[in-house]
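Let's take a friendly walk through this fold, one region after another. Keep the sequence and the 3D view at hand as you read.

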Amino acid sequence: MPLDADTSDSPRFLRITVTGEWPSFEERAAFRRVLMTDGLLKPDTRTLIDLRGLTTLPAHGDVDAIVSQARSEGGLTRLHAYIVSTVDQIVLARMLKHSAGTGTVVEIFKDAQEAETWLWNAEPDW
């Protein structure tokens, strides 16, 4: 499975790693459903999403639908950060950030420690 979660600090803080090929609609939905059912993913969870292990990316035209699906299922957190390492991953993270829109605070980092520090210290009422 291309999705993995470190839930050691959940539901306050969740680390998600995406590796290999971009996960399918069904894989993403099932992954979110398990986390939410287990009480590990909530709207106020601070979510760190590591995209550095991706080998394929979704089509640009699918990004709005990806974010919309997460939002409609209650899996789009208010505060999250992406970790990236390539230009393509940066472009994807920027598109995801743009699609999240208002009411969601998203930052993009190349350094995992900087991303985690930012998430832990970010003001929850942004």
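In which helix does Phe 25 lie? Phe 25 is part of helix α1. Please keep in mind as we go on that this is a predicted model.

## Two residues of helix α1

Let's stay with Phe 25 for a moment. Its relative accessible area is 44%, so Phe 25 counts as partly exposed, since that class runs from the 20% limit for buried to the 50% limit for exposed. Along the chain, Phe 25 and Gln 69 are 44 residues apart, yet their C-alpha atoms are separated by 8.6 Å.

Leu 35 also belongs to helix α1. With a relative accessible area of 5%, Leu 35 is buried. Leaving out neighbours within four places in sequence, the contacts of Leu 35 are Ala 5, Thr 7, Leu 14, Leu 40 and Leu 41. For one of these partners, Thr 7, the C-alpha to C-alpha distance to Leu 35 is 8.9 Å, with their positions 28 residues apart in sequence.

## A cis peptide bond before β2

If you look at the loop between β1 (3-6) and β2, you will find Pro 11 there. The peptide bond that joins Ser 10 to Pro 11 is cis, and its omega is about 5 degrees.

## Strand β4 and its neighbours

Is strand β4 buried or exposed? Five of the five residues of β4 (residues 79-83) are buried, so this strand is largely enclosed by the rest of the structure. Here is some background: in a regular strand, side chains alternate between the two faces of the sheet. In β4, Leu 79, Ala 81 and Ile 83 point one way, while His 80 and Tyr 82 point the other way.

Strand β3 (residues 46-54) runs parallel to β4, and five bridges join the two. In this pairing, Asp 50 has Ile 83 of β4 as its bridge partner. Between these strands the chain passes through helix α2 (residues 63-72), making a right-handed β-α-β crossover. Five bridges also join β4 to strand β5 (residues 105-109), again in parallel. Across that pairing, Ala 81 stands opposite Glu 107, and Tyr 82 is opposite Ile 108. The path from β4 to β5 goes through helix α3 (residues 87-100), and this β-α-β crossover is right-handed.

## Thr 47 in strand β3

Thr 47 sits in strand β3. Its relative accessible area is 3%, so Thr 47 is buried. Which residues does Thr 47 touch, not counting those up to four places away in sequence? They are Leu 14, Ile 16, Leu 41, Thr 77, Leu 79, His 80, Ala 81 and Leu 119.

## The nonpolar cores

As a general point, nonpolar side chains tend to be buried together in soluble globular proteins. In this model, the largest nonpolar core has 23 residues, and those with the most contacts inside it are Val 18, Trp 22, Leu 51, Tyr 82, Leu 92 and Leu 96. Two or more residues of this core come from each of β2 (13-20), α1 (25-37), β3, α2 and α3. Helix α3 gives the most, with five residues.

Tyr 82 is a good place to zoom in. Setting aside residues up to four places away in sequence, Tyr 82 touches Ile 49, Leu 51, Ala 93, Leu 96, Val 106, Glu 107, Ile 108 and Phe 109. Apart from the largest core lies another core of 11 residues, including Phe 13, Ala 81, Ala 115 and Leu 119.

## The cavity

How many cavities of 30 Å³ or more does a search of the whole structure find? It finds one. The largest cavity has a volume of about 370 Å³. Its lining is made of 22 residues, and the closest to its centre are Ile 16, Arg 32, Ile 49, Ala 70 and Tyr 82.

At least two lining residues are supplied by each of β2, α1, β3, α2 and β4. Tyr 82 is thus a residue to revisit in the 3D view: Tyr 82 is among those with the most contacts inside the largest core, and Tyr 82 is also among the lining residues closest to the cavity centre.

Terms used. Residues are numbered from 1 along each chain as its sequence is written. This is a predicted model: local features need pLDDT of at least 70, side-chain atom pairs count only at pLDDT 80 or more; totals for chains, interfaces and linings use all residues. Side-chain values use heavy atoms; hydrogens and water are left out. Buried means under 20% relative accessible area, exposed over 50%, partly exposed in between (1.4 Å probe, protein chains only). Helices (H or I, at least four residues) and strands (E, at least two) are DSSP runs, numbered from the N terminus. Two strands pair if DSSP finds at least two bridges between them. A crossover is right-handed if, with the strands pointing away from the viewer, the path from the first strand over the helix to the second runs clockwise. Contact means heavy atoms within 4.5 Å. A nonpolar core is a set of buried Ala, Val, Leu, Ile, Met, Phe, Trp, Tyr and Cys residues joined through side-chain atoms within 4.5 Å. On a 1 Å grid over the protein atoms alone, a cavity is a set of points where a 1.4 Å probe fits but cannot get out, and a pocket is an open set with protein on both sides within 12 Å along at least five of seven lines; lining residues have an atom within 4 Å of a point. Grid points are joined across faces, edges and corners, and a volume is the space filled by probe spheres set on the points.
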